[in-house]
Amino acid sequence: MCSYAPLEILHAAGFTPVRLMQMGGDVTLANAHLPSFSCALARAVTERMLRGDLDFLHGVLFTHTCDTLQCLADIWRMAAPRFRVLNYSLPTVLAVSPRRAPGPNGDAAGARDYLLAELHRLAETLALEFDAPVRGDALRASIALYNEQRRLLAVLHARLGRLTAREWWPLTLSATLMPVEEHVRVLRSRLDEPGTAQDVRGGPTLLLTGALLDDPLIPQVIDELGGRVVGDDLCTGSRYWDTLVDEEQEPFAALAERYLRRAPCPCKHTTREARGERILSLVRNTGAQGVVLVLLKFCDPHAFDAVPLTRALDAADVPHVTLETDVSAPAGQVRTRLQAFLEMLQT
Amino acid sequence: MTQPRYRKLKTANHLQRLMQWHYASARYLRMGRPLAWVSSGAPVEILRAMGVATVYPENYTALCGAQRQAVGLCEAAEAQGYSPDLCSYARTSLGSILDGEGAPMRGLPRPDLIVACNNICGTVVKWFEAAAAHYQSPLLVLDAPFLHDGLQPSTLSYVVAQLEEMVRFVERTTHHRLDAVQLEETVRLANECTELWGEIRALCKSRPSPLNAPDLFVNMAPIVVLRGTHSAVRFYRRLKAEVEQRVRDGVGAIPDEKHRLLWDNIAIWYRLYGFYNLFVDYKACFVADTYTGAWSQTLPPGDGLQGIAAAYATIFLNQSLEYRAALMVRLISEYGVDGFVMHVNRSCKPYSLGQYAIRRAVMERTGMPGLLIEADMCDARSYAEEAVRTRVQAFMESLAEA
């Protein structure tokens with residue numbers, strides 16, 4: 001459910017991890033379990049669970065991210081005892097600035113030991129409850145495979161300007177929806193082909209930021225209006241593939257290191273680099289002309305972060321638009337706002 | 001403002017003076033002591049023992065809500081880009097930072113340092129980050145991982161490591177040192193305070209109950225903001241004496257108590273009396289609640305940071321829905337409750353999102369009916385007067401027939 005889930009461990013234990021996303025559809029059954037101000041993601045996945053659409057899964061791993069997922073893990077345990085719910089609770093406070101750091105590597109106090117203990121606890125739970133132990137050599141192989149996927153996603157990312165949004169979007173989204181082996185094969189073959197959008201289209205270039213982009217409407221509208229996505233800070237995008245796991249280190253320690261170092265989500269507290277600085281450097285590196293903030297309605301951490309983020313963009317004279325997505329909201333609003341934004345960028 | 005339609009406490013005047021003194025001294029009478037803003041679930045004993053004065057933005061915003069000043073401040077925050085869907089304490093607080101002149105008491109005094117602990121919610125992390133950025137104040141975030149299945153040894157060591165860092169953080173920012181004897185004394189005072197508070201709440205097991213929930217909501221302020229001080233201990237001794245007297249005299253908080261109810265979630269501050277009066281009409285008294293009990297956990301003495309870590313990591317809102325359901329079942333039996341009301345609070349996701357599941361479990365296990373009321377703790381714009389009245393009436397009529 002979250003990009004901080006240590007997929008390498010699940011894979012090494014013999015599971016095929018699948019990330020749960022919205023996938024459209026009406027929400028009716030979930031209304032008896034969640035109040036109206038729960039985010040669309042929580043309501044949509046709960047709906048699919050209650051309908052039995054997820055019965056093919058052996059279990060669900062909840063990663064501690066936000067207040068909503070924290071509650072959802074327990075709601076599922078109480079509403080659907082047939083489901084095996086696992087919890088993995090990684091630290092909220094990740095890296096702190098080296099100036100303030102108590103640890104040698106800029107770690108927050110106790111964070112590395114705790115994260116390592118949680119990774120081992122997850123592996124033990126898989127061994128005990130699913131009879132699926134995580135062996136060291138299998139974990140090394142899984143790490144290498146996911147590293148390969150992340151490297152290929154980074155290459156794909158560098159070529160974004162030559163892909164239409166509808167070409168790029170399914171390739172990144174499927175990273176956590178299909179078996180990683182197959183996804184790596186698809187990425188390899190896709191990278192051998194030239195893109196079709198071509199630089200000749202020359203539409204306005206955009207950087208997308210937000211949580212997960214699981215709504216096909218946004219890439220579709222961007223294409224129709226002639227925009228080009230050249231970079232992203234999404235947890236189904238660069239936050240997923242940012243930073244590789246060190247294959248030389250002991251595997252659990254290497255995983256802990258990666259999850260402490262990767263680009264943080266707004267649910268995390270870090271004093272190392274403000275998120276605004278990271279987005280601005282992505283804007284500079286990708287040459288994006290404008291930033292699109294994709295906010296899921298009722299997603300608190302992103303809504304809080306949007307304020308300093310848009311201030312930082314304003315201060316740097318980077319145009320931006322905020323799209324609040326809500327399954328129940330009419331699609332027309334997203335189109336109108338994006339259209340106005342793209343027109344503004346072209347003038 | 002609507003008045004309570006039940007017996008007022010004589011201690012009310014003392015409470016008002018105590019809180020006025022607290023806020024005035026935080027601004028004017030600190031005598032050189034640095035000031036920390038702290039979240040309600042932060043281990044204040046460490047700060048107090050290190051000679052740091054404290055204020056609680058959550059208590060301040062609740063006061064703004066009770067004085068019906070919160071909506072204007074929320075609007076000030078919304079004008080700066082904060083979504084109206086965010087926590088109304090956070091919006092009220094950020095509004096008072098941005099528009100200090102229009103805020104009650106001109107807002108809170110500027111902090112020298114800020115400590116936020118996420119054992120109550122993730123919102124305090126983002127909210128206090130925003131405050132720290134505004135004031136350029138050093139911020140320490142204490143991470144108390146949520147306990148889906150109780151406290152693991154690795155979680156405890158993690159929190160202890162952070163408390164050690166908290167001591168270093170306060171030393172770095174204030175140049176004050178932690179004195180072990182002072183910490184022991186602060187913990188002793190805090191425990192005396194929480195024990196008194198627990199005893200006062202337990203007196204409501206009597207029939208009729210000497211207190212109604214709004215009494216508890218109002219009188220919990222010192223346990224939050226002055227825990228670990230002599231003045232809080234003195235206040236709760238006085239309050240306990242008055243409540244004991246009521247029990248001895250057989251005097252109830254409301255006249256002719258017929259129904260005994262349990263409350264779940266934060267108070268509806270801007271309708272503190274208006275809302276609870278709806279129940280008084282049916283002779284129903286809220287004899288217990290899950291909210292004000294969050295401050296009744298004592299710290300193991302003589303155990304230093306280890307004991308403080310264990311207590312703060314295991315507070316009510318940091319525990320599973322199953323734990324919360326079991327607690328409500330226990331309160332229902334101990335307090336002789338015959339129905340419960342859950343405030344589905346738009347502002348508090350950790351408290352509210354799981355309430356449907358808890359309600360089902362508690363009804364199944366106790367046979368008691370439970371009412372859900374959707375509203376907000378501070379933002380009066382989310383309160384649908386007529387809809388609330390109709391729901392309360394329907395619930396109370398069915399309870400009266402049962």
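Helices here are DSSP runs of H or I with at least four residues, and strands are E runs of at least two, both numbered from the N terminus.

**View 1. Chain B as a whole, from a predicted model.** By that count, chain B holds 17 helices and eight strands. Its C-alpha atoms fill a box of roughly 65 × 50 × 40 Å along the principal axes. A compact globule of 402 residues would have a radius of gyration near 21 Å, and chain B comes out at 20 Å, so the two agree. Buried residues make up 55% of the chain. Look at contacts in chain B with a separation of 6 or more, and 78% of them link residues 24 or more positions apart.

**View 2. The β6-β5-β7-β8 sheet of chain B.** Here we have four strands in an open sheet, paired in parallel. β6 (284–289) and β8 (370–375) sit at the edges with a single partner strand each, so one side of each is left without a neighbour in the sheet. On average, neighbouring strands are turned by 30° against each other, ignoring direction. In the middle of the view, β5 (residues 259–264) and β7 (residues 339–345) of chain B run parallel and are joined by four bridges. Check the pair B:D264 and B:M342, which stand opposite each other, the latter in β7(B). Helix α17 (residues 385–401) of chain B lies across β5, β6, β7 and β8, running at about 170° to β8(B).

**View 3. B:L261 and its place in the nonpolar core.** The largest nonpolar core has 240 residues. Those with the most contacts inside it are B:I114, B:V115, B:A116, B:L261 and B:L262. Zoom in on B:L261 and, leaving out residues up to four places away in sequence, you'll find that it touches B:F279, B:A284, B:C285, B:F286 and B:V287, along with B:V337, B:G339, B:F340 and B:V341.

**View 4. The β2-β1-β3-β4 sheet of chain B.** This is an open sheet of four strands with parallel pairing. β2 (53–55) and β4 of chain B are its edge strands, each pairing on one side only. Neighbouring strands are turned by 25° against each other on average, direction ignored. Three bridges join the parallel strands β1(B) and β2(B), and B:W37 has B:V55 in β2(B) as its bridge partner. Crossing β3 and β4 of chain B is helix α7 (residues 153–174), which runs at about 170° to β4(B).

**View 5. Helix α6 (residues 123–135) of chain B.** The 13 residues of this helix should span 18 Å at 1.5 Å a residue, and its end C-alpha atoms are indeed 18 Å apart. Of those 13 residues, 10 are buried, so α6(B) is largely enclosed by the rest of the structure. Among the buried ones are B:W127, B:F128 and B:E129. The packing partners of these buried residues come from both chains: α3 and α12 of chain A, plus β1 (35–38), α5 (88–98), β3 (113–117) and β4 (139–142) of chain B. Just after the helix comes B:Q136, with a positive phi near 55°.

**View 6. Helix α16 (residues 355–366) of chain B.** With 12 residues, α16(B) reaches 16 Å from its first C-alpha to its last, close to the 16 Å expected at 1.5 Å a residue. Its buried residues are B:Q355, B:Y356, B:A357, B:I358, B:R359, B:A361 and B:V362. They pack against α3 (67–79) of chain A, together with β5, α14 (321–334), β7, α15 (349–352) and β8 of chain B. B:G367 follows the helix and has a positive phi, near 75°.

**View 7. Helix α8 (residues 180–202) of chain B.** This helix has 23 residues and reaches 32 Å between its first and last C-alpha, close to the 33 Å expected. Its buried residues include B:L183, B:T186, B:W197 and B:R201. Covering the buried residues of α8(B) are elements including α2 (44–49), α9 (213–219), α10 (221–225) and α11 (230–249) of chain B.

**View 8. Where chain A meets chain B.** The contact takes 39 residues from chain A and 42 residues from chain B. On the chain A side, the elements giving two or more residues are α3, α4 (111–130) and α12 (300–315). α3(A) provides the largest share of that side, nine residues.

Key. Residues numbered from 1 in each chain as written. Chains lettered and ligands numbered in written order. Predicted model: local features only at pLDDT ≥ 70, side-chain atom pairs only at ≥ 80, totals over all residues. Pairing = 2+ DSSP bridges. Axes fitted to C-alpha atoms, helices over the stretch in contact; angles between N-to-C directions. Contact = placed C-beta atoms within 7 Å. Core = buried A, V, L, I, M, F, W, Y, C linked by C-beta atoms within 7 Å. Buried ≥ 20, exposed ≤ 12 C-beta atoms within 10 Å, placed from the backbone. Expected span 1.5 Å × (residues − 1). Rg over C-alpha atoms; globule rule 2.2 N^0.38 Å.
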